Amino acid sequence: MTPERYAKILRVLRLRQPTLSVLMDEVNKPHNLSAILRTCDAVGAMTAHAVPPKSLSLGSFRSRMFEASSGSAHKWVTVQQHASALDAIRELQGQGVQVLATHLSQRSVDYREPDYTRPTCVLLGAEKFGVSDAAAEAADANIVIPMMGMVQSLNVSVAAATILFEAQRQRLEAGMYAQPQLSEEDLRRTAFQWAYPDLAETYDEQGRAYPELDDQGQMLGAS
């Protein structure tokens, strides 16, 4: 670990937005998964929630996620799997997160209208079928991107980028990137995981606390 690399890790973590995430409901194409994770990283989202497609076994989905994130985005964005979109929505709402479903309905609003400075998760549907009616109904709001051409929908990864960069714009205006959103404890823990991923996994397996790092990213008192 070089001091320059560690400084970049800290700089990026101080911009991370733990209250911004996406929920991918049966999104299955590797290039879409990869693009969504890259966008999450770009805007500072730390977590992407995912419901595996029913057509894939859990092992197959994990392989596809690895394939999709081979460009390294998986190192910086944690993917949490859920049994269903409804389960994930209820869990997120129980944590005080507003869930915004990309879905055309009678209650849909322009994607720029919601307040993305609130804890927010953007629900994205499968490529062919979109967000289910049940999941859209359970969401706090339905959002749409105005379309003025013959085609009435965007690729799911393009839609994700459009919405997440609107969230970034609002959060920049609100000064949410100017001050770290992570607690000092979470920042130190994540910095170690990013700087020493293999060691972090070993410490986790052994149930041991991570060593402290100095300001150059070197371990203090490790054993």
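This passage describes the sheet, the helices that pack in the fold, and the aromatic pairs of a predicted model.

The sheet comes first. It is open and built from 7 strands, in the order S3-S2-S1-S6-S4-S7-S5. The pairing is parallel. Strand S3 (78–81) and strand S5 (108–110) form the edges, and each of them pairs on one side only. From one strand to the next, the twist averages 30 degrees.

Strand S4 (residues 98–102) has partners on both sides in this order, S6 and S7. With strand S6 (residues 120–124), S4 runs parallel and is joined by 4 bridges. Val99 has Cys121 as its bridge partner in S6. With strand S7 (residues 141–144), S4 pairs in the parallel sense over 3 bridges. Here Ala101 stands opposite Asn142 of S7. Is S4 enclosed or open to the outside? Of its 5 residues, 4 are buried, so S4 is largely enclosed by the rest of the structure. Strand S7 also pairs with S5, again in the parallel sense and over 3 bridges. Val109 has Ile143 as its bridge partner in S7.

Helix H5 (residues 85–94) packs on the sheet. The strands touched by H5 are S1, strand S2 (45–51), S4 and S6. The direction of H5 makes about 165 degrees with that of S1.

Helix H7 (residues 156–173) has 18 residues. At 1.5 Å a residue, H7 should span 26 Å, and its end C-alpha atoms are 26 Å apart, which agrees. Many positions along H7 are listed as buried, among them Val156, Ala160, Ile163, Leu164, Ala167 and Arg171. What covers the buried residues of H7? The cover includes S1, H2, S4, S6 and S7. Just after H7, Gly175 takes a positive phi of about 80 degrees.

Helix H2 (30–43) also packs against H7. The two axes are 9 Å apart and meet at an angle of about 10 degrees. Angles under 35 degrees count as roughly parallel, and H2 and H7 are therefore roughly parallel to each other. On the H2 side, the contact is made by Asn32, Ala35, Ile36, Thr39, Cys40, Ala42 and Val43. On the H7 side, the residues include Val156, Ala160, Leu164, Phe165 and Gln168.

The loop between strand S1 (17–25) and H2 holds Glu26. Most residues other than glycine have a negative phi. Glu26 is not a glycine, yet its phi is positive, at about 65 degrees.

The structure holds 5 aromatic pairs. One of them joins Trp76 and Trp194. Their ring centres are 5.0 Å apart and their planes stand at 65 degrees, so the pair is edge-to-face. Trp76 lies in helix H4 (residues 73–76) and Trp194 in helix H8 (residues 184–195). The pair thus links distant parts of the chain, 118 residues apart. Both Trp76 and Trp194 are buried.

Phe192 and Tyr203 form another pair. Here the centres are 6.0 Å apart and the planes are at 85 degrees, so this pair is edge-to-face too. Phe192 lies in H8 and Tyr203 in helix H9 (residues 197–206), so the pair ties together parts 11 residues apart in sequence. Phe192 and Tyr203 are both buried. Ring pairs link these two residues with Tyr196 and Tyr210 into a cluster.

Notes: Residues are numbered from 1 along each chain as its sequence is written. This is a predicted model: local features need pLDDT of at least 70, side-chain atom pairs count only at pLDDT 80 or more; totals for chains, interfaces and linings use all residues. Side-chain values use heavy atoms; hydrogens and water are left out. Rings of Phe, Tyr and Trp (its six-membered ring) pair if their centres lie within 6.5 Å; planes under 30 degrees apart count as stacked, over 60 as edge-to-face and the rest as tilted. Helices (H or I, at least four residues) and strands (E, at least two) are DSSP runs, numbered from the N terminus. Buried means under 20% relative accessible area, exposed over 50%, partly exposed in between (1.4 Å probe, protein chains only). Two strands pair if DSSP finds at least two bridges between them. The expected span of a helix is 1.5 Å times one less than its number of residues. Contact means heavy atoms within 4.5 Å. Axes are lines fitted to C-alpha atoms, for helices over the stretch in contact, and angles run from 0 to 180 degrees between N-to-C directions. Angles under 35 degrees count as roughly parallel, over 145 as roughly antiparallel, 65 to 115 as roughly perpendicular and the rest as oblique.
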